[in-house]
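Hi everyone, thanks for making time for this. I'd like to walk you through one structure today, so have a look at the screen and stop me whenever something is unclear.

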Amino acid sequence: WQSSCARNEQNMRSLQEQLQNDEATALRVKMITENFEEQHTAQGLANRTLNHTLTLQLNEATLEINQLRVETCASKANFCTALQDSELRFEELEKEVALKNESMIKHATNMA
């Protein structure tokens with residue numbers, strides 16, 4: 001009877017120690033988990049921030065490229081317009097020269 005009680009007390013102490021160990025382990029696991037979640041959250045936030053920053057920079061670079069394309073197209077359009085104007089002016093001058101030549105030939109013919 002007494003030995004049975006002694007064994008029960010020993011078992012109870014052993015179970016209490018095991019419970020304390022389990023509680024301490026659970027607390028360590030909880031702390032590790034919380035720490036991991038904090039780090040994971042912080043790392044995730046840092047990654048998302050970096051991703052957004054890089055996306056913003058990419059969008060800004062794309063916008064700048066598109067603006068340069070627009071400016072290039074505008075320059076090409078201006079150049080083409082200027083070239084067409086020059087060609088038209090050249091044609092007009094050719095006609096004027098031809099008319100003056102004709103006039104000079106007629107005048108020279110009339111004088112002769």
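**A walk along one chain**

Okay, let's begin with a cysteine. C80 is partly exposed, and its relative accessible area is 41%. Hold on to that one, we'll come back to it shortly. One thing before that: what you're looking at is a predicted model.

Let's zoom out. How many helices and strands are there in the chain? The chain has one helix and zero strands. Now, is the chain spread out or compact? Its radius of gyration is 47 Å, and the globule rule gives 13 Å for 112 residues, so the chain is more spread out than a compact globule. You can see that in the box as well: along the principal axes, the C-alpha atoms fill roughly 160 × 15 × 10 Å.

Here's another way to get a feel for it. Take E9 and E64, which sit 55 residues apart in sequence. From C-alpha to C-alpha, E9 and E64 are 80 Å apart in space.

What about the surface? Of the 112 residues, 1% count as buried. The chain exposes about 10,500 Å², and 60% of that comes from carbon and sulfur atoms.

Back to the cysteines, then. How many disulfides does a search of the whole structure find? Zero. If you're new to this, a disulfide is a covalent bond between the sulfur atoms of two cysteines. So why doesn't C80 make one? Its closest cysteine sulfur is the one in C73, 10 Å away, which is too far for a bond. To count as a disulfide here, the two sulfurs would have to be within 2.5 Å. Look at it from the other side and you get the matching story: for C73, the closest cysteine sulfur is in C80, again at 10 Å and too far. As for its surroundings, C73 counts as exposed, at 51% relative accessibility, while C80 is partly exposed at 41%.

Now for the charges. Side chains of opposite charge can pair when their charged atoms come close. How many salt bridges does the count come to? Four, and I'll show you some of them.

One of them joins R13 and E9, with the closest N and O atoms 4.0 Å apart. Both residues lie in helix α1, which covers residues 2–111. R13 and E9 are four residues apart, about one turn of the helix. R13 is partly exposed at 43%, and E9 is also partly exposed, at 48%.

Next, which residues are linked in a network of salt bridges? They are R89, E92 and E96. The side chains of R89 and E92 meet at 3.4 Å, N to O. R89 also meets E96, and there the N to O distance is 3.8 Å. R89 and E92 both lie in helix α1, three residues apart, about one turn of the helix.

How covered up are these three? R89 counts as partly exposed, at 42% relative accessibility. E92 is partly exposed too, with 43%, and E96 is partly exposed with 38%.

Last stop: charges over the whole chain. There are 11 positive and 17 negative charges. How far apart are the mean positions of those two groups? They are 2 Å apart.

To recap: one helix and zero strands, zero disulfides, and four salt bridges. That's it from me, so over to you for questions.

Conventions
Residues numbered from 1 in each chain as written. Predicted model: local features only at pLDDT ≥ 70, side-chain atom pairs only at ≥ 80, totals over all residues. Heavy atoms only, no water. Buried < 20%, exposed > 50% of the residue type's maximum accessible area, 1.4 Å probe, protein only. Helix = DSSP H or I, 4+ residues; strand = E, 2+ residues; numbered from the N terminus. Rg over C-alpha atoms; globule rule 2.2 N^0.38 Å. Areas by Shrake-Rupley, 256 points an atom, 1.4 Å probe, with all protein chains shown as cover. Lys, Arg positive; Asp, Glu negative; His and termini not counted. Charge placed at Lys NZ, Arg CZ, Asp CG, Glu CD.
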